[in-house]
Every structure is written in structure tokens, then in C-alpha cells.
Amino acid sequence: MKILVTGGAGFIGSNFIRFWLHRHPKDEIINFDKLTYAGNLANLKEVADSPHYHFVKGDITNPQEVRKAMEGVDWVVHFAAESHVDRSLEDPTVFIDTNIKGTYVLLKAALELGVKRFHHISTDEVYGALPLEGEEKFNEKTSYHPRSPYSASKAAADHFVLAFYHSFGLPVTITNCSNNYGPYQHPEKFIPRMITNLILGKKIPIYGDGRYVRDWLYVEDHCRAIELVLTEGKIGEVYCVGGKEKDVTNLQLAKMILKIFGRKEEEWLEFVPDRPGHDRRYAVDWRKINQELGWQPQYSLEEGLQKTVAWYQENEWWWRDTKKETEKFYQRLTERRKSNVKNN
Ligand code: NAD
Ligand code: TDX
């Protein structure tokens, strides 16, 4: 099997490549990645010398580069995207180019080249926000209500993927997954930001009142879900993927991490201006993939966080430089948010 993975130098894509080559050592993977600020080939150092792994630097919005890389490929697994909500609030342009146009360019090439499976990695954020108090969860039938430029761009991409299935018969599948965490996640995202701040002796920045809820999934559990959908999933179907624990607020999550570090919560939390349009609660109902394909998450949040903290503690070389750049971005963002609060 020859698989083209887009965005394989990013967080989930690189975890997926290592996972796949470990479990399917005879397969061949082509990692097609533009190496934006979020892409890092160091994520793949363990497989870099494998004859079953090839890296191609390229942009998914470029039809020629895409066609060349996709020639002779059996499956496409599409991770490449701009993935950070806060960046999409600063400037949505690149989100429209990469997430919408890039997905369209890939779909078109996949159809022309007769790719046997196009698997699209999407997010639970396309469904919008749930009320804080309530039992409701997102499932495959929930209607789309994206609320940030990031989620709007992912929603548009999802619609194009399904349009290529219904209109042209491209064999597609989609997974809509909740918040991932684990090794190699960029320190701009909440969990690695908290961990790296604490390692550096800095406080955890909590947006708004901290009573925001995300559905946390350890990245390896996500990789297993994608594997099952690729090998046993039904063409044209969408599968929601989520974590074990529901309704953990950002404040509770921060306290779990502080507990791992053995630090006192009142000294290490800092409330900072909120993200505009901040989605209150996400919760994913993953019964379909459980009942049809037998998937369920294996890691509890506690276990996953322990492993993740240990990884960041042991791999400071990986995040130290990136962290400096990221915190410059956050400094500008926080100043802007503070002045917006003052002016309103
Ligand atoms: P990431 O930001 O860590 O990595 C994205 C990768 O895509 C990078 O390697 C980057 O260089 C590459 N890329 C960006 N633009 C490109 C372009 N134009 N051409 C080629 N490559 C390009 O993202 P991630 O967190 O690993 O997310 C991967 C996918 O999973 C995304 O589609 C995201 O929407 C989705 N997703 C992420 C999460 C999460 O919690 N991280 C949850 C659900 C879904
Ligand atoms: O410093 C912070 N303080 C804080 O309170 C940061 C960076 C975040 N937060 C909050 C905002 C969210 O409620 O933590 C929560 C998680 O934030 P992010 O890590 O930015 O993730 P989120 O916005 O939920 O989106 C993520 O999950 C879904 C990924 O970035 C997306 O790519 C994925 O689709």
C-alpha cells in the first residue's frame, strides 16, 4: 500500500506516520508537507531513514506539486491544515487558502488519478458550541454551525469532501475528532503551552473565566481511530471521534497538570483576556465508530497527561526555540485583547 499523507510534519500527522509504519511495516508513506511554522521534520527523526518513508516538500494549494506527489498512490490521508483558532482570529486568509482551496486541489487530483481512498481529518469544531450546562453531545447528524474562521474553513472543506463523493463518486471517509494532545504538539496549543510554561517557571494563562469545556483525546487513540476507518470504514461515511472523560473545564484541566507538577494552583494560574467568540463546550458522542468498528479510547485523561508532561520534560530541545517565537505571538495577541476590552 502506498499512502500519501498531507501535513505529516505536524502534530497529528507525524504521530500517525510513526504509528502506521510501526503497525504496517510493508507499506510506503509519502509525507507531503509545506513545512509552515507548524511543520517540523524533527518529529519524524525515528522514521527518516526508513526506505518506506519519503518526504516531499510541497504546498497542497499547488495543483502541479500535488499531482506529482499523488501519482501512483493508493490512499490519501489528509491532515494538512492551518489548525490554530487564535491565529485564524488574527488573519483568516491562509485558512481559506490552505484548508478550503488546498482540500479542493487534493480532491480534484485524487479523482483524476483514481485514488482508492481519500480520508479527510476534520474537527468537532465544525458543529459549533454546546451550552455549558447540559448533556448534549455532537454526533454525525449534528448540523454544522462553525463559529471561528478556522472551524468555518474546516466545515467548507468537509462539504467539498462529501460533494466529491456524492457528485463524482470519489471514495472518501471523514473523521471529526475532538481536541488532541500528546507528544510533538506545537506549544501554541493549550496543553503544551501550560506544560512548557510550568517547566520554564511561568504561570498558566487561562482565557476568560476558564469555564470552557473541551473533549480531550490522546493522539495515539486518534491514530487508532483513523487506522480503523481506513481499513474497515464504509465509503462515504463520517465518524465522530472523542475522548473518555467529558466536561472537563479548562480550569480543571490546568489543575490536573499543576497536580502532576506538584504545584499550588493559586500561585500558578493567571486569568487573561478571553478569546473572541470563544466556544463554550465541546463533547463528542463516539458511539457510531464504537458500534460499527469497535473503536474506543484507551487512555484516560490522567494517563495521557502524565505521558505528555513526561515527554515535554524529556524533550526540551524539541520545543525551546519554537516556544520563544510562540510567546512573542501571544504577547501581541494579549496586548490587543486587553486594548479591545478597554475600548469596549
Ligand atoms: P498542525 O498545525 O500541528 O500541523 C499542520 C501541518 O500541515 C504542518 O506540518 C504544516 O506544515 C502542514 N501544512 C500547513 N499548510 C500546508 C500546505 N498549504 N501544504 C502542505 N502542508 C501544509 O496540525 P494538527 O494539530 O496536527 O492537525 C492536523 C489535522 O487535524 C488538521 O486538519 C486539523 O484541522 C485536524 N484536527 C486537529 C485537532 C487537534 O486537536 N490538533 C483536532 C481535530 C482535528
Ligand atoms: O493559553 C491558552 N489559554 C486558554 O485558556 C490557550 C492557548 C487556550 N486556552 C483555552 C481555549 C480553549 O478553550 O483552551 C482551550 C483549548 O485551546 P486550543 O488548544 O487553542 O484548542 P481549540 O481552540 O479548542 O482547538 C483545538 O482543538 C480542535 C485545535 O487547535 C484545533 O485544530 C482542533 O480542530
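**Notes on the two ligand sites and the packing around them**

1. Let's start at ligand 2: one of its oxygen atoms has a polar side-chain atom of R214 2.8 Å away. Keep in mind that this is a predicted model. Two further side chains do a similar job. H278 puts an N or O atom of its side chain 2.7 Å from an oxygen atom of ligand 2, and for T123 the corresponding distance is 2.8 Å. Left on its own, ligand 2 would have 660 Å² of accessible area, and the protein covers 94% of that.

2. Who else is around ligand 2? The shell counts 20 residues, with E125, Y150, R193, R275 and H278 as the closest. By type, these residues split into 8 nonpolar, 6 polar and 6 charged. As for secondary structure, α6 and β8 (204-207) each bring at least two residues. The largest share belongs to β8, which supplies 3 residues.

3. Now ligand 1. Here 28 residues make up the surroundings, and the closest are I12, D33, S83, Y150 and K154. Y150 deserves a flag, since this residue is listed among the closest to ligand 1 and also among the closest to ligand 2. The shell of ligand 1 is made of 12 nonpolar, 12 polar and 4 charged residues.

4. Which atoms does ligand 1 meet through its oxygens? Backbone and side chain both take part: a backbone N or O atom of F11 sits 3.0 Å from an oxygen atom of ligand 1, and one of I12 sits 2.8 Å from an oxygen atom of ligand 1. S83 contributes through its side chain, with an N or O atom 2.7 Å from a ligand 1 oxygen. Ligand 1 taken alone exposes 840 Å², of which the protein buries 97%. Two or more shell residues come from each of α1 (11-23), β5 (117-123), α5 (149-168) and β7 (179-181). Of the contributors, β5 has the largest share, with 3 residues.

5. On to the aromatics, where the whole structure yields 20 pairs. One of them brings us back to Y150: its ring and that of F95 are 6.4 Å apart centre to centre, with 80° between the planes, an edge-to-face arrangement. F95 belongs to helix α4 (residues 93-112) and Y150 to helix α5, so this pair links parts 55 residues apart in sequence. Both partners are tucked away: F95 is buried at 1% relative accessible area, and Y150 is buried too, at 8%.

6. Another pair worth a look is Y184 with W311. The planes meet at 50° and the ring centres are 4.6 Å apart, so this pair is tilted. Y184 sits in the loop between β7 and α6 (190-199) while W311 sits in helix α11 (residues 301-314), so the pair ties together parts 127 residues apart in sequence. Y184 and W311 are both buried. Elsewhere, F16, W20, W75 and F79 come together as one aromatic cluster.

7. Don't skip E188, a charged residue in the loop between β7 and α6. Is E188 buried or exposed? At 2% relative accessibility, E188 counts as buried. Its side chain has a partner, though: a 2.9 Å polar contact joins E188 to the side chain of R87.

8. If you are checking cysteines, the disulfide count is 0. C223 is in no disulfide, and the nearest cysteine sulfur to it, that of C177, is 9.4 Å off. Why is C240 unbonded as well? For C240 the closest cysteine sulfur is again in C177, and 9.3 Å is too far for a bond, given that a disulfide needs sulfur atoms within 2.5 Å. C223 is buried at 1% relative accessible area, and C240 is buried at 0%.

9. Last, a residue with some accessible surface: K328, in helix α12 (residues 316-343). With 43% relative accessibility, K328 is classed as partly exposed; the class in question runs between 20% and 50%. Its C-alpha atom is 17 Å from that of G201, a residue 127 positions away along the chain.

Notes
Residues numbered from 1 in each chain as written. Chains lettered and ligands numbered in written order. Predicted model: local features only at pLDDT ≥ 70, side-chain atom pairs only at ≥ 80, totals over all residues. Heavy atoms only, no water. Near = heavy atom within 4 Å. Polar contact = N/O pair within 3.5 Å; in protein donor to acceptor, adjacent residues only side chain to side chain. Areas by Shrake-Rupley, 256 points an atom, 1.4 Å probe, with all protein chains shown as cover. Helix = DSSP H or I, 4+ residues; strand = E, 2+ residues; numbered from the N terminus. Buried < 20%, exposed > 50% of the residue type's maximum accessible area, 1.4 Å probe, protein only. Phe/Tyr/Trp six-rings, centres within 6.5 Å; stacked < 30°, edge-to-face > 60°.
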